[in-house]
Amino acid sequence: MRVLKAGLTLGKRHLLAPGTVTPKNVQINSCRTCSSGFVPNERIRNIGISAHIDSGKTTLTERVLYYTGRIAVIHEVKGKDGVGATMDSMELERQRGITIQSAATYTMWKDHNINIIDTPGHVDFTIEVERALRVLDGAVLVLCAVGGVQCQTMTVNRQMKRYNVPFLTFINKLDRLGANPYRALQQVRTKLQCNAAFINIPIGLEGNMKGIIDLIEERSMYFEGPFGQSIRFDEIPAELRAEASDRRQELVECVSNVDDTLGEMFLEEKVPTILDLKRLFSPALVGTALKNKGVQPLLDAALEYLPNPTEVNNYGILNDEDSKESSKFLMNPMRDATHPFVGLAFKLEAGRFGQLTYVRVYQGCLKKSEYIFNTRTGKKVRVQRLVRLHADQLEDVDEVYAGDICALFGIDCASGDTFSTKAASNFSMESMHIPDAVISMSIKPGNKNDVDKFSKGINRFTREDPTFRVHYDPESRETIISGMGELHLEIYSQRMEREYNCPCVMGKPKVAFRETITNAVPFDFTHKRQSGGSGQYGKVIGVLEPLDAESSTKLEFEDLTMGTNVPKQFVPAIEKGFKEACEKGPLTGHMISGIRFVLEDGGHHIVDSNEISFIRAGEGALKQAMEKANTAILEPVMLVEVVAPQEFQGQVIAGINRRHGVITGQDGSDGYFTLYADGKGEYTMDYNRYQPCSASTQEELIHKYLEATGQLPIKKKTTWKN
């Protein structure tokens, strides 16, 4: 953010003549320890590293930890040494070479405490990015110099806008073949609608990447030594002075053209405040983390341009039971104990010592052995252990203050709960956005003896991940898991085997078809059974009617009987028999729905009639009517909402039409269109209604059911002989 001050002075300065820059070496001490003592707010940064898949987030974090002295040796993602990156602590992450869970750490750089959260890039794990950005003050958006702005980059950008998180852009992988940082920056401006400009540019690309040019300080930087830890400053190469001058002027224009107010301040040579800038300008830096170039300037930029906790307004919501409206109040970010403690539990994780609860402290001070209250449940809990995190390593601390990210042990809570030291607090922090699940699959333990392990693992995963949902489908008799993608569900299946020794079998869930009738049918059914002594007798007369299309999932029962032919105490038994018979239809074995059972008359025997007799009479009446009626199979229709860039509108509409979808409406804004049902985009899907399926689908379903129940011989596939 403070780049504006530098931008305002750029117009007054000229490129230095040759010989005016004194070459200088700066050696970075790789053995510096990290301080866990008291640090003032001005020297704290809470940042996240987010990007598309394989843009180099974890590799960049590894370099940051090395240059700041947090680790002594660099390990690569999915490296040959078999160790793997520090932040990928899960065995599955190291095996696949991807980040599955966001990992938190902290380090020191130039006497500043930087709390870092490394987030996954796959859209399947988008909740990890969502809850990280909810509690962070700034972010680094990493782009691949070859791929530029990709689909997940757009999703991350929307998440940053949702929580109003300012970010730096780091264009990584300049050593790759086809790297073009200028195209990537142009995509940031056009696709992300972001006012971005370079504050440094590369010296060479691909295999010729030698260093970078700092446009603000007007000097070149070379990263020497086996791991780029030695920085040498020199003058700008003669062949790049013209380009550096043009890029400096572009930076000045970008800063001053943010809006009219800043333009006037630029002309009047006034320096605007931090709040004037907000998210209106994003500095862009370049480098290659794998080749150890450009990381240290990124760290300097994080300290210089990203806000500290006092520069971000965080609000709590006062939930007044008497008033329908909730009022907001501002949190005090001062690092002292004068205000009551307020913290947000943004992530849960099952650690070696029990449940680990990640907490961002927004106000006050929390000390070990203190009592805090969960504002949602009102429960009072004791802080038995207070730790700071470095990937999977824990460091015990005695107290934490506003602006810190810490973890608690043994606290029973849910993700998104607010904690306070005040009893009977009726407030909460603003909640995070949780996207809806988009895919479902059936799952069951491979061994029937592992049911206990299976249920234990499922319960833990649903507590940790709000986007991972589980329910039991009584129609198909399957356990259905829902998530953000196939990879998301596959990872949980593998974790079940690794962490609970419970191999699971996954498959697509059966579609919940329904059966119904299309015309009203009268029935007259008598259930009679005599086997010595008192028998069974029950007679029902009435009509079976189809319901409206809007009520296709309902079952209705109507009693129109008069007199005592059917005693009133037996009417509930008839209804029970009717609903039990609807559990399995005659065509495909799916549930029967969308019908009304109208009871008009009947008969009873003074001795032989009882409750079971009329239950059987209700079942028989339904079966008799279904045999005489015109039956149909209903298929579920989902209401789909697609959000995608405008340039893919034709492809998306064609894809929906190809799947027999019906488009009911659309709108668009900010370069995106929303369709109500291939390319880049997101979609949400909700159940809408049932409607009759096509004749071919109905015939195929009936045929499969008859084969499965042995009523029809299974057709063998014919093999042609040569």
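Here are some numbered notes on the predicted model, going through a few strands, two open sheets and the largest cavity.

1. Let's start with β2, which covers residues 44-51. Eight of its eight residues are buried, so the strand is largely enclosed by the rest of the structure. Side chains in a regular strand alternate between the two faces of the sheet. In β2 both faces are covered: I44, N46, G48 and S50 are buried on one side, and R45, I47, I49 and A51 are buried on the other. If you browse that list, note that R45 and N46 are among the buried residues.

2. Who sits beside β2? β4 (residues 112-118) runs parallel to β2 and is joined to it by six bridges. I47 is a handy place to look, as it stands opposite I116 in β4. β5 (residues 138-144) also pairs with β2 in the parallel sense, over five bridges. For that pairing, try S50, whose bridge partner in β5 is L141.

3. β13 (residues 315-318) is another strand with two pairings to check. With β14 (residues 327-330) it pairs in the antiparallel sense over four bridges, and Y315 has L330 as its bridge partner there. With β25 (residues 427-429) the sense is again antiparallel, over three bridges; here L318 is matched with F427.

4. Further along there is an open sheet of four strands, ordered β27-β28-β26-β29, with antiparallel pairing. The edges are β27 (469-473) and β29 (504-507); each has a single partner strand, so one side of each is left without a neighbour in the sheet. From one strand to the next, the twist averages 35°. Inside the sheet, β26 (residues 439-445) and β28 (residues 478-483) run antiparallel and are joined by five bridges, with I439 standing opposite G483.

5. Two helices go with that sheet. α11 (residues 451-464) packs on it and touches β26, β27, β28 and β29, its direction making about 150° with that of β26. α12 lies across β26, β28 and β29, and runs at about 165° to β29.

6. α12 turns up again at the largest cavity, whose volume is about 110 Å³. Which helix gives the most to its lining? That is α12 (486-500), with four residues. α4 (126-135) also supplies at least two residues of the lining. There are 15 lining residues, and I100, Q101, E128, D465 and Y492 lie nearest the centre. By class, the lining has six nonpolar, three polar and six charged residues.

7. The other open sheet also has four strands, in the order β31-β32-β35-β33, but its pairing is mixed. β31 (521-529) and β33 (555-559) stand at the edges with a single partner strand each, so one side of each has no neighbour in the sheet. Here the twist averages 25° from one strand to the next. β32 (residues 536-546) and β35 (residues 595-603) pair in the antiparallel sense over eight bridges, and K539 stands opposite G603 in β35.

8. Which helices go with this sheet? One is α13 (residues 571-581), which packs on the sheet and touches β32, β33 and β35; its direction makes about 155° with that of β33. Another is α14 (residues 611-628), which lies across β31, β32 and β35 and runs at about 140° to β31.

Notes
Residues numbered from 1 in each chain as written. Predicted model: local features only at pLDDT ≥ 70, side-chain atom pairs only at ≥ 80, totals over all residues. Heavy atoms only, no water. 1 Å grid on protein atoms, 1.4 Å probe; cavity = no way out; pocket = protein on both sides within 12 Å on 5 of 7 lines; lining within 4 Å. Points joined across faces, edges and corners; volume = space filled by probe spheres on them. Nonpolar A, V, L, I, M, F, W, Y, C, P; charged D, E, K, R; others polar. Pairing = 2+ DSSP bridges. Axes fitted to C-alpha atoms, helices over the stretch in contact; angles between N-to-C directions. Contact = heavy atoms within 4.5 Å. Buried < 20%, exposed > 50% of the residue type's maximum accessible area, 1.4 Å probe, protein only.
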